[in-house]
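Got your viewer open? Load the model, colour it however you like, and follow along stop by stop.

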Amino acid sequence: MGNVQVIDHPLIQHKLTIIRDKNTGTKYFREVVNEIARLLAYEVSREMPLQDVEIETPLVKTVQKQLAGKKVVIVPILRAGLGMVDGMLDLIPAAKVGHVGMYRDHDTMEPVEYFIKMPSDLSERQLLVVDPMLATGGSAVAAIDALKKRGASNIKFVCLVAAPEGVKVLQDAHPDVDIYTASLDEKLNEKGYILPGLGDAGDRLFGTL
Ligand code: PRP
Ligand code: URA
């Protein structure tokens, strides 16, 4: 079963409170989402494999560590996932960025795929799928289905706010995918919004309320 890690840190909790507040405007909301993404990237990359490399300091030859292993692809689920990309790239600047377009039909709450553009050789890469919200889990499951169909096998899912319902759906569908979230909230409401949540992340990021 995929692991769920709630990245519990005072800075993250403080910043989450700012974006949960309905009085926080678009510009500040966007900035703080990226700041949280940057902090999450630090934790998500904690287990990245290292390899030895020989270098010369100005004084001696020495064997030190450098990142090894699979090349990273950050995969925002459009639209709202875009809000986390710059923050993640701040810490993993060499990552490639793939895009998965997915929106939730407001009546059925079912995800609808409308765009996919990924780098080649997905089987050799570490994918970090990012979306601020894991609500019913439908969008995350559909996005990961689409990525696995294209050869991806090494996937982590990174979000800001998760509902227990969405965590279960994602774990059941993709037990190999570890989930990193800044908060595990209480529950979904009858319209599939996370409580207490932060509202519609895409609308708040892009000012389309
Ligand atoms: C939001 C959010 C997730 C999805 C989560 O996107 O960014 O992708 O809902 O809900 P789920 O877990 O129930 O699928 P939305 O469909 O509102 O699209 P947007 O990013 O374009 O605003
Ligand atoms: N999508 C959002 O943007 N917010 C929610 O609370 C649920 C799904």
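Before selecting anything, one cut-off: a salt bridge here is a side-chain nitrogen of Lys or Arg within 4 Å of a carboxyl oxygen of Asp or Glu. By that rule, this predicted model has 9 salt bridges. We'll visit some of them below.

**Zoomed out**

Start with the whole chain in cartoon view. What does the secondary structure come to? You should find 6 helices and 13 strands. The radius of gyration is 18 Å, close to the 17 Å that the globule rule gives for 209 residues, so the chain is as compact as a globular protein of that length. Along the principal axes, the C-alpha atoms fill a box of roughly 65 × 35 × 30 Å.

Now switch on a surface. About 10900 Å² of the chain is exposed, and carbon and sulfur atoms supply 52% of that area. Buried residues make up 46% of the 209 residues. If you draw a contact map and keep the contacts with a separation of 6 or more, 63% of them come from residues 24 or more positions apart.

**Stop 1: helix α1 and a buried lysine**

Select residues 10–20, which is helix α1, and pick out Lys15 inside it. Is Lys15 buried or exposed? Its relative accessibility is 16%, and the cut-off for buried is under 20%, so Lys15 counts as buried. To see what surrounds it, show Val32, Glu35, Ile36 and Leu39: Lys15 touches these, leaving aside residues up to four places away in sequence.

**Stop 2: helix α2**

Move to residues 26–44, helix α2, and show Glu31 and Lys27 as sticks. They form a salt bridge, with the closest N and O atoms 3.0 Å apart. Why can they reach each other along the helix? Being 4 residues apart in α2, Glu31 and Lys27 are separated by about one helical turn. Glu31 is partly exposed at 37% relative accessible area, whereas Lys27, at 61%, counts as exposed.

**Stop 3: a bridge between strands**

Next, select Lys65 and Asp52. The closest N and O atoms of this salt bridge are 2.6 Å apart. This pair links distant parts of the chain: Lys65 sits in strand β3 (residues 61–67) and Asp52 in strand β2 (residues 50–56), 13 residues apart. Both residues are exposed.

**Stop 4: helix α5**

Jump ahead to residues 164–173, helix α5, for Asp172 and Lys168. Their side chains meet in a salt bridge at 2.6 Å, N to O. Here too the spacing is 4 residues, so about one helical turn separates Asp172 and Lys168. Both ends are partly exposed: Asp172 has a relative accessible area of 46%, and Lys168 comes in at 48%.

**Stop 5: the aromatic patch**

Select Tyr103, Tyr114 and Phe115, then bring the surface back. Together they make a nonpolar surface patch of about 320 Å². How exposed is each member? Tyr103 has a relative accessible area of 42% and is partly exposed, Tyr114 is partly exposed at 44%, and Phe115 is partly exposed at 39%. Phe115 lies in strand β7, residues 111–117.

Hide the surface and look at the rings. The count of aromatic pairs comes to 1. Tyr103 and Tyr114 form that pair, which is tilted: 6.0 Å centre to centre, with 40° between the planes. The pair links distant parts of the chain, with Tyr103 in strand β6 (residues 99–104) and Tyr114 in strand β7, 11 residues apart.

**Stop 6: backbone oddities**

Finish with the backbone. Most residues other than glycine have a negative phi, and most peptide bonds are trans. Against that background, three spots are worth a click.

- Asp121 has a phi near 55°, a positive value in a residue other than glycine. Find it in the loop between β7 and β8 (125–130); it is partly exposed, with a relative accessible area of 45%.
- Leu78 and Arg79 are joined by a cis peptide bond, omega about -5°. Arg79 is in the loop between β4 (71–78) and α3 (85–91).
- Leu195 and Pro196 are also joined by a cis peptide bond, with omega about -5°. Look for Pro196 in the loop between β13 (194–195) and α6 (201–206).

Technical notes. Residues are numbered from 1 along each chain as its sequence is written. Chains are lettered from A and ligands numbered from 1 in the order in which they are written. This is a predicted model: local features need pLDDT of at least 70, side-chain atom pairs count only at pLDDT 80 or more; totals for chains, interfaces and linings use all residues. Side-chain values use heavy atoms; hydrogens and water are left out. Patches are made of residues with over 30% relative accessible area and no salt bridge: like charges are joined within 9 Å, nonpolar side chains (Val, Leu, Ile, Met, Phe, Trp, Tyr) within 5 Å. Accessible areas come from the Shrake-Rupley method with a 1.4 Å probe; for residues, only the protein chains shown count as cover. Helices (H or I, at least four residues) and strands (E, at least two) are DSSP runs, numbered from the N terminus. Buried means under 20% relative accessible area, exposed over 50%, partly exposed in between (1.4 Å probe, protein chains only). Rings of Phe, Tyr and Trp (its six-membered ring) pair if their centres lie within 6.5 Å; planes under 30 degrees apart count as stacked, over 60 as edge-to-face and the rest as tilted. The radius of gyration is taken over C-alpha atoms; the globule rule is 2.2 Å times the number of residues to the power 0.38. Contact means heavy atoms within 4.5 Å.
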